[in-house]
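Reader: Could you take me through this structure? I should like to begin with the sheets and then move on to packing.

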Amino acid sequence: MAVNLVNVENVSKVYGTRALLDGISLGVSEGDRIGVVGRNGDGKTTLIRMLAKLEDADTGRVTHSGGLRMGVLTQHDSLDSTATVRHEVIRDLADHEWAGNAKIRDVLTGLFGGLDLPGFPQGLDTVIGPLSGGERRRIALAKLLIDEQDLIVLDEPTNHLDVEGIAWLARHLQTRRSALVCVTHDRWFLDQVCTRMWDVQRGDVHEYEGGYSDYVFARAERERIAATEEVKRQNLVRKELAWLRRGAPARTSKPRFRVEAANELIKDVPPPRDTSELMKFASSRLGRTVFDLEDVSVQAGPKTLLKHVTWHLGPGDRIGLVGVNGAGKTSLLRAMAEAARTEGETQPAAGRVVVGKTVKLAYLSQEVGELDPNLRVLEAVQRVRERVDLGKGREMTAGQLCETFGFNKEKQWTPVGDLSGGERRRLQLLRLLMDEPNVLFLDEPTNDLDIETLNQLEDVLDGWPGSMIVISHDRFFVERTTDRVFALLGDKTLRMLPRGIDEYLERRAGMEEAAAASAPAAVQKPAPEKSAADQRAAKKELQKVERQLDKISERESKLHTQIADNATDFEKVAKLDAELRELAGEREELELRWLELAEDA
């Protein structure tokens with residue numbers, strides 16, 4: 001029988017006149033892996049701080065088992081700013097001691113990309129004081145993971161980690177024996193790591209078995225039975241449920257919670273977006289040319305990030321852009337945005353960016369733009385526009401869109417200066433959409449957004465007719481809102497990845513293995529370079545293959561819909577399924593050809 005590690009008994013916490021937590025009773029046992037979700041401000045961080053005894057409850061009590069070893073990652077680290085990374089993480093261990101420890105090697109490589117901490121000016125001997133908040137957070141996480149604990153409590157552990165770092169952390173936590181309580185907005189991470197969920201809502205905590213997917217199924221069923229939630233929120237939950245059920249079948253390895261009930265809930269829910277219809281609408285708004293990059297090179301200071309990139313962003317394209325930190329994702333967007341702002345007059349270091357005449361670009365950067373702090377939220381939105389056309393006949397007033405993004409009627413009259421970082425981020429995105437752009441560049445749009453707000457943003461983007469590029473470390477958001485993934489692998493090239501982020505992680509792992517294997521080897525003769533004519537021919541065929549892959553994706557989407565619509569007609573389903581399998585074979589051949597051409601190009 002599992003040993004109980006922490007008991008939370010009838011705990012309440014009040015701030016001002018608001019009860020954040022009201023009579024909560026919970027427990028954490030050995031082997032538990034608990035994900036904590038809920039809206040920003042509903043008490044997730046307060047709950048885990050009280051669970052860790054970093055904050056006292058107003059009423060009730062929290063008890064720990066005797067000798068409990070607990071590691072806690074909070075939003076603010078307690079690192080000594082005058083110390084070095086070596087002192088905080090490895091302490092007094094000699095080099096041969098820590099280098100011979102497999103766990104320490106794994107943590108340093110997983111969180112920093114190597115034992116010598118590439119990216120830190122003096123490696124392990126870098127002084128912590130001048131480092132950025134993201135770098136300090138990774139150091140605090142490494143310090144925690146190197147120790148042995150009975151219970152690990154993590155508050156937003158994936159912040160400031162890239163896609164590879166998040167994937168490594170998920171694998172690492174899966175293999176640890178420690179119990180885990182984790183607050184995060186990263187839904188893919190929750191699905192990989194957690195076996196139970198705590199949903200903090202309006203002073204109460206609802207418990208669910210399974211990871212994030214199971215939680216969505218169970219919550220949709222609970223809301224259907226209770227029938228007490230407002231219609232809009234219920235529809236959003238059902239829409240995300242439909243996405244999860246129709247997505248990759250192996251999205252989580254855990255058993256599904258009431259799968260039949262979940263299927264019944266979504267039988268009438270259409271796919272998240274009608275790609276063909278949106279492409280037609282986007283073409284009518286944008287014409288044939290959106291952005292064409294011709295032999296472009298991008299630099300940051302003296303450093304060349306991308307070389308000889310030829311790429312086409314067409315009307316209605318929804319692109320996810322992933323890559324190692326520093327590979328040039330943000331620099332590429334900035335170069336394209338600058339060409340659009342100056343109507344093609346400002347060009348990158350080499351090559352040419354052609355911008356369509358009808359392009360109206362909205363660029364959400366990682367920096368939150370400054371607004372008059374005395375403006376009310378609604379006023380800040382209305383100064384852009386009173387009403388917005390969201391496409392497909394959908395129109396919203398400024399107040400309605402504010403509500404969609406979590407600003408209720410009371411919050412709409414809050415001064416901008418009183419908003420939190422996450423709320424300012426939401427307001428910035430809201431103002432961009434209010435300006436009715438037809439091209440969106442979103443650089444880390446999920447920063448500081450809770451899961452419910454992410455659902456609402458995804459719902460708005462589902463019907464948004466235009467071209468879009470998303471840079472994000474939130475794998476779920478990229479897969480949910482985009483149709484194709486391109487990657488910057490750190491070799492100054494831009495590549496399409498037919499299998500998305502899974503392929504990106506495989507390629508990065510392969511590159512690291514190859515680098516490790518070749519390090520001690522003798523220098524080999526370089527392979528002969530392709531002629532310019534061969535490269536041009538390869539690029540041309542590459543674009544043709546990409547268009548064929550797009551058509552196959554559209555046909556597969558239609559076939560899935562037809563199969564769902566004709567579920568009781570077994571003969572028709574069999575024919576549709578046969579066509580689906582044939583398309584899968586074509587896709588595999590095209591993907592192999594794409595990989596060959598990518599090397600030649």
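Author: What follows is a conversation about the sheets, helices, cores and some individual residues of this predicted model.

Reader: Which strands form the three-stranded open sheet, and in what order?

Author: The order is β2-β1-β4, and the pairing is antiparallel. At the edges are β2 (18-29) and β4 (59-64), each of which pairs on one side only. On average, neighbouring strands of this sheet are turned by 15° against each other, direction ignored.

Reader: How many bridges are there between β1 and β2?

Author: Strand β1 (residues 4-15) pairs with β2 over eight bridges, in the antiparallel sense. As for an individual pair, Lys-13 has Leu-21 in β2 as its bridge partner.

Reader: And the six-stranded sheet, what is its order?

Author: That open sheet runs β14-β17-β18-β12-β19-β20, and its pairing is mixed. Its edge strands are β14 and β20 (494-497), each pairing on one side only. The average turn between neighbouring strands of this sheet is 20°, direction ignored.

Reader: Parallel or antiparallel for β12 and β18?

Author: Parallel: four bridges join β12 (residues 318-323) to β18 (residues 467-471). Within this pair, Ile-319 is bridged to Ile-469 of β18.

Reader: Which strands does α12 lie across?

Author: Helix α12 (residues 329-341) lies across β12, β14, β17 (439-443), β18 and β19 (484-488). Relative to β14, helix α12 runs at about 150°.

Reader: Let us turn to β5. Which of its side chains are buried?

Author: The side chains alternate along β5 (residues 70-73). Gly-71 and Leu-73 point to one face and are buried, whereas Met-70 and Val-72 point to the other and are not.

Reader: Which way does β5 run against β6?

Author: Strands β5 and β6 (residues 151-155) run parallel and are joined by four bridges. Met-70 has Leu-151 as its bridge partner in β6.

Reader: Now the interior. What is the size of the largest nonpolar core?

Author: The largest nonpolar core has 106 residues, and Leu-145, Phe-291 and Trp-311 have the most contacts inside it. Another core lies apart from it and has 32 residues, among them Ala-362, Phe-405, Leu-432 and Val-460.

Reader: What does Leu-145 contact?

Author: Leaving aside neighbours within four places in sequence, Leu-145 is in contact with Lys-103, Val-107, Leu-111, Ile-152, Trp-168, Leu-169, His-172, Leu-173 and Arg-176.

Reader: At what angle do α4 and α5 cross?

Author: The axes of α4 (residues 102-112) and α5 (residues 133-146) cross at roughly 160° and come within 10 Å. The two helices are therefore roughly antiparallel. Their crossing is right-handed.

Reader: Which residues meet there?

Author: From α4, Lys-103, Ile-104, Val-107, Leu-111 and Phe-112 take part. They meet Arg-138, Ile-139, Leu-141, Ala-142, Leu-145 and Ile-146 of α5.

Reader: Back to Leu-432 from the other core. Where does Leu-432 lie?

Author: Leu-432 lies in helix α15 (residues 421-434). Its relative accessible area is 18%, so Leu-432 counts as buried, the cut-off being under 20%. Leu-432 and Ala-362 are 70 residues apart in sequence, while their C-alpha atoms are 5.9 Å apart in space. Not counting residues up to four places away in sequence, Leu-432 touches Ala-362, Tyr-363, Leu-364 and Pro-437.

Reader: And Ser-365, is that residue buried or exposed?

Author: Ser-365 counts as buried, at 18% relative accessibility. The residue is in the loop between β14 (361-364) and α13 (377-382). Ser-365 touches Arg-425, Gln-428 and Asp-443, with residues up to four places away in sequence not counted.

Reader: Finally, backbone geometry. What is phi of Leu-117?

Author: Phi of Leu-117 is near 50°, a positive value in a residue other than glycine. Most residues other than glycine have a negative phi. Leu-117 is in the loop between α4 and α5, and is buried, with a relative accessible area of 0%.

Reader: What about His-308: where is it, and what is its phi?

Author: His-308 is in strand β11 (residues 303-313). Its phi is near 55°, again a positive value in a residue other than glycine. With a relative accessible area of 46%, His-308 is partly exposed.

Terms used:
Residues numbered from 1 in each chain as written. Predicted model: local features only at pLDDT ≥ 70, side-chain atom pairs only at ≥ 80, totals over all residues. Heavy atoms only, no water. Buried < 20%, exposed > 50% of the residue type's maximum accessible area, 1.4 Å probe, protein only. Pairing = 2+ DSSP bridges. Axes fitted to C-alpha atoms, helices over the stretch in contact; angles between N-to-C directions. Core = buried A, V, L, I, M, F, W, Y, C linked by side-chain atoms within 4.5 Å. Contact = heavy atoms within 4.5 Å. Parallel < 35°, antiparallel > 145°, perpendicular 65-115°, else oblique. Left-handed = near helix turned anticlockwise from the far one by under 90°.
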